[in-house]
Amino acid sequence: MDLRLLDEAATADERDAVDSLLGTPESGWDGGTRQDSDLRYARGGHTARDRRDLLLPALHAVNDRVGWISRGALNHICRRLTVPPAEAYAVASFYAMFALHERPRRVVHLCTDIACAAAGSDGLRERLAARLGPPGTGSGDAPAAWHESPCLGMCERAPAALALQAGAPARFAVAAPATPGGLDALAEGGPGGRGADGDRPSPASAHPTTFDPGPPPGASPEPGPAAAVPDAGSPDHVLLRRIGRVDPLSLDDYRSAGGYAALREALRLGPAGVIREVTDSGLVGRGGAAFPTGRKWNATAQQPDAPHYLVCNADESEPGTFKDRVIMEGDPFSLVEAMTIAGYAIGARTGYLYIRGEYPRALLHLENAVSLARERGLLGPDVMGSGFSFDIEIRRGAGAYICGEETAIFGSIEGQRGEPRTKPPFPVEKGLFGKPTAVNNVETLVNVLPVLLMGGPAYAAVGTAGSTGPKLFCLSGAVRRPGLYELPFGATLGDLVEAAGGPHEGRSLRAVLLGGAAGTFVRPDELDIPLTFEGARAAGASLGSGVVLVLDDTADLPAILARVAAFFRDESCGQCVPCRVGTVRQEESLLRLRSGASPAAEVPLLREVGRAMRDASICGLGQTAWNAVESAIDRLGLYSADDPAAPDPAPGGTATPAPGDRAATEEAR
């Protein structure tokens, strides 16, 4: 219970970081100098409480400036926003990227998730531990100069490491693929001050920090987004056609390559016409749920309550996923244009772009795109002279996979803990700030541009009847050319693996994980599975958001399953018992199996825990935490030789969509 504010005071640096975001405090009531009039009445209380949604940006401001959030800084933020300290602490401690104890200004995040582990991150982890000591384990732990991180979204260049250095401005650098020398440079040299793009100045930012990308001394510059696309420049590309061909920081380049033609067409069609084209196209959500986008937009547009909101879910945290990062880094104006079209269709005046905190370069490019679009009248009170008013606010996550769930993202933006909400009511009825809201992920939104330029029926002719249009697939692991591939729906899994050159010489396929940590394993003899939503379902697998992790005969499957279980245990928000307890029990059982426990005893327990999580968890995280483990046992035959209760390897049960766009199918009910 909060009886009083904390006694500790913020430092000058901490106050300046917060005040640069919130403005100069006007009185002692909101953190300023106490005046005589303050003793008579309080001013601005309701106004301050209405700014609760600035809590997450304020925490970022302090963490970026000094590297951690002290009690004094938390006290100052609470005064400025009239937030009880207990609530602010609950929010700050929810996110893995915030530190609540003093730590070095430079912190290295080494990815140890499944794609990077398969690429040798274990050796790098040992090297960092030898040089810098034990890793940190969370926001409340002792000071640490490095952390083991879940997926950093650079799986095509695994293993990956990200260095963040506090300051004004904060800086970052990337080592991917991370070599021992590059990792040493990240840990000791720190991110450099020059941008990877030369001396080009950073764009003006509405946020307290502009990240300045640059390689550390002795490290090579980070490759551009085109390096993530093995067939960049292919004439068959639709969504990736500008990647590597246009300057992602130039609005003129974007417009000369066809940019904003789709918005012009949208303004000609009108909101109802846009929704009709999107509906006719058959476009469905690309984050895993595959809910029809036109139906979602129409349901939001018809709500009588106002205002309406649009949320772009750019918090792609599913291990193995990096497609949204490539788009945001290589073609950011396309996302800004697509969000503007979506806002126009659903009657929204404000769109929130929620980007994961591990994507500083994408943040930089998006801030630049939003700023330039605003300057040119492509955002703001009169978009393209049409009288339509729409603007975009960028909000940065801070390391919480659960915030990719479509209702948890609302809590994060609103300044609450990122915990999923029960449904109904559904987001199209009561979403962000309790108002009608449409949530779409990055890939879903950028598909709207070709829909309007081609026309709905022409777009629907691409792919299959149940899965229309092109699809992006994030291919990583034991293949010769990992990266982001664009294929029309209908290609097979074997086609995709073949396009990537297949396994390395002398190696053979052991399994393929479809859909990431929340997905399913398939066997090498199942490569004829069509890469469509209906084809994957028919095969008892999950396409998810398009993650394809290839494992060869050197893969340690029990270790991979244990890492998947640890991921879900770490990322559970803890709100519901089936997920909070079940993810822990699942990991414990898998670790016992790795230590030699009898499958006859452990596998039935795993099944019982998995069913409980799937049936009773509030959101998709708990519902899918058992998918990969179940498929490894049932499809790959893992542990089956000693487990008389286990069935013969065969296609397993259907999987549930993973967090990401989880623009859930509940709206269809």
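Start by selecting residues 323-330, which form helix α13, and residues 332-346, which form helix α14: their axes come within 5 Å and cross at roughly 100°. Since angles of 65 to 115 degrees count as roughly perpendicular, that makes α13 roughly perpendicular to α14. Keep in mind that what you have open is a predicted model. If you wonder what to look at in a pair like this, two packed helices are described by the angle between their axes and the distance between the axes.

Now show the side chains where the helices touch. On the α13 side, pick Ile327, Met328, Glu329 and Gly330; on the α14 side, pick Pro332, Ser334 and Leu335, which they meet. Try colouring this contact by residue class: you should get four nonpolar, two polar and one charged.

Next stop: the empty spaces inside. How many cavities of 30 Å³ or more are there? The count comes to nine. Head for the largest cavity, which holds about 190 Å³ of space. There are 18 residues lining it, and the ones to select are Asn63, Asp64, Met97, Arg103 and Leu164, the closest to its centre.

Which helix or strand gives the most to this lining? Select α3 to see: it supplies three residues. You can find α3 at 55-66, then add strands β1 (106-111) and β3 (161-165); each of these elements supplies at least two residues of the lining.

To finish, colour the whole lining of the largest cavity by class. You'll get a mix of seven nonpolar, six polar and five charged residues.

How values were computed:
Residues are numbered from 1 along each chain as its sequence is written. This is a predicted model: local features need pLDDT of at least 70, side-chain atom pairs count only at pLDDT 80 or more; totals for chains, interfaces and linings use all residues. Side-chain values use heavy atoms; hydrogens and water are left out. Axes are lines fitted to C-alpha atoms, for helices over the stretch in contact, and angles run from 0 to 180 degrees between N-to-C directions. Helices (H or I, at least four residues) and strands (E, at least two) are DSSP runs, numbered from the N terminus. Angles under 35 degrees count as roughly parallel, over 145 as roughly antiparallel, 65 to 115 as roughly perpendicular and the rest as oblique. Contact means heavy atoms within 4.5 Å. Ala, Val, Leu, Ile, Met, Phe, Trp, Tyr, Cys and Pro count as nonpolar, Asp, Glu, Lys and Arg as charged, and the others, Gly among them, as polar. On a 1 Å grid over the protein atoms alone, a cavity is a set of points where a 1.4 Å probe fits but cannot get out, and a pocket is an open set with protein on both sides within 12 Å along at least five of seven lines; lining residues have an atom within 4 Å of a point. Grid points are joined across faces, edges and corners, and a volume is the space filled by probe spheres set on the points.
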